[in-house]
Amino acid sequence: MVNLSAEEKDHVTSLWGKVDVEKVGGEALGRLLVVYPWTQRFFDSFGDLSSPSAVMGNAKVKAHGKKVLSAFSEGLAHLENLKGTFAKLSELHCDKLHVDPQNFTLLGNVLVVVLAEHFGKEFTPQVQAAYQKVVAGVANALAHKYH
Amino acid sequence: MALSAADRALVRALWKKLGGNVGIYTTEALERTFLAFPSTKTYFPHLDLSPGSAQVKALGQKVAEALTLAVDHLDDLPGALSALSDLHARKLRVDPASFKLLGHCLLVTLARHYPGDFSPALQASLDKFLSHVISALASKYR
């Protein structure tokens, strides 16, 4: 559960309404792979990840980024029950994908940076603070079923 | 994880572009940190942390000077930051996790103000630079 005030919820949903999920998803995942190259360990089958331009232009990265951010988007519609919403995905990331939950925190913070880059002035400290709560909540929910 | 020649070039170029405005961005980064990560406020009970506070601006200026010092001494960060490391280890004793939070908010601030410049490569180099600064700052802790 994320503890957002009514004002914070408003900040989150009104900004998200303007987000191009496909574009931002690809951007965020791409930047994760560039800034923290060890995260590439999960994507051996994605082809050329040898340079920032190769990563950012990689079709599989873009497609997967869209998938990930669409799931995140789904979470935003259920902020009062993130653990329930992400229960199945949590099991998947633990049992099948074997992803260290630290990666969820890394991706969440990269997403915040991408939103700042896209929205500039609109991404005020208050809006950022609300989003930090959301990404932390999502990361927590995704780690919840780990065993 | 050493800073490559490319990392140094990108960081130096950005700092040149920031010019005399570094303090504005470090102040905004502090403001963002205090708002998004309230635990960081515990180190400043003696300061007025409200938005626009002159004390936060002064603190921002100190951080700016330290980072500029770091950029000017990329070849020897531990040496250049030795005195600051002593200060943070002996007197201030800030948990190093908090430095990471400020580092993140500085990246957010720069992305917000310089979207055209904030390429993935620059983000990577800046992130590396900041983690080196943090490492140097925490080097005397124990």
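## Exercises on a two-chain predicted model

To set the scene, 21 residues of chain A are in contact (heavy atoms within 4.5 Å) with 19 residues of chain B. The model is predicted, so local features need pLDDT of at least 70 and side-chain atom pairs count only at pLDDT 80 or more, whereas totals for chains, interfaces and linings use all residues. Residues are numbered from 1 along each chain as its sequence is written, chains are lettered from A and ligands numbered from 1 in the order in which they are written, and side-chain values use heavy atoms, without hydrogens and water.

**Exercise 1.** Describe the interface of chain A and chain B.

*Step 1: area.* The size of an interface is often given as the accessible area lost when the parts come together. Here the two chains bury about 1800 Å² between them (accessible area lost, 1.4 Å probe, summed over both parts), and 63% of this lies on carbon and sulfur atoms. On the chain A side, A:Val113, A:Glu117 and A:Pro125 lose the most area to chain B, together 28% of what that side buries.

*Step 2: polar pairs.* Start with salt bridges (a side-chain nitrogen of Lys or Arg within 4 Å of a carboxyl oxygen of Asp or Glu): the rule finds 0 across this interface. Next, look for polar contacts (N or O atoms within 3.5 Å; within protein, one able to donate a hydrogen and the other to accept it, with residues adjacent in sequence counting only if both atoms are side-chain atoms). There are 8 residue pairs in polar contact between the chains, both residues being at pLDDT 80 or more.

*Step 3: elements.* Helices are DSSP runs of H or I with at least four residues, and strands are E runs of at least two, numbered from the N terminus. In chain A, α2 (21-35), α3 (52-57), α7 (102-119) and α8 each give two or more residues to the side that touches chain B. The largest share, 6 residues, comes from α7(A).

**Exercise 2.** Which side chain meets A:Lys18 in a salt bridge?

*Step 1.* The partner is A:Glu122, at 2.5 Å from N to O.

*Step 2.* Now place the pair: A:Glu122 is in the loop between α7 and α8 of chain A, and A:Lys18 is in the loop between α1 (6-16) and α2, 104 residues apart.

*Step 3.* For context, the whole structure has 11 salt bridges over all chains.

**Exercise 3.** Where does B:Leu49 lie, and which residues does B:Leu49 contact beyond its neighbours within four places in sequence?

*Step 1.* B:Leu49 sits in the loop between α2 (22-36) and α3 (54-72) of chain B.

*Step 2.* Beyond those neighbours, its contacts are B:Phe34, B:Lys41, B:Phe44 and B:Val56.

*Step 3.* Try one distance too: the C-alpha atoms of B:Leu49 and B:Thr68, 19 residues apart along the chain, are separated by 24 Å.
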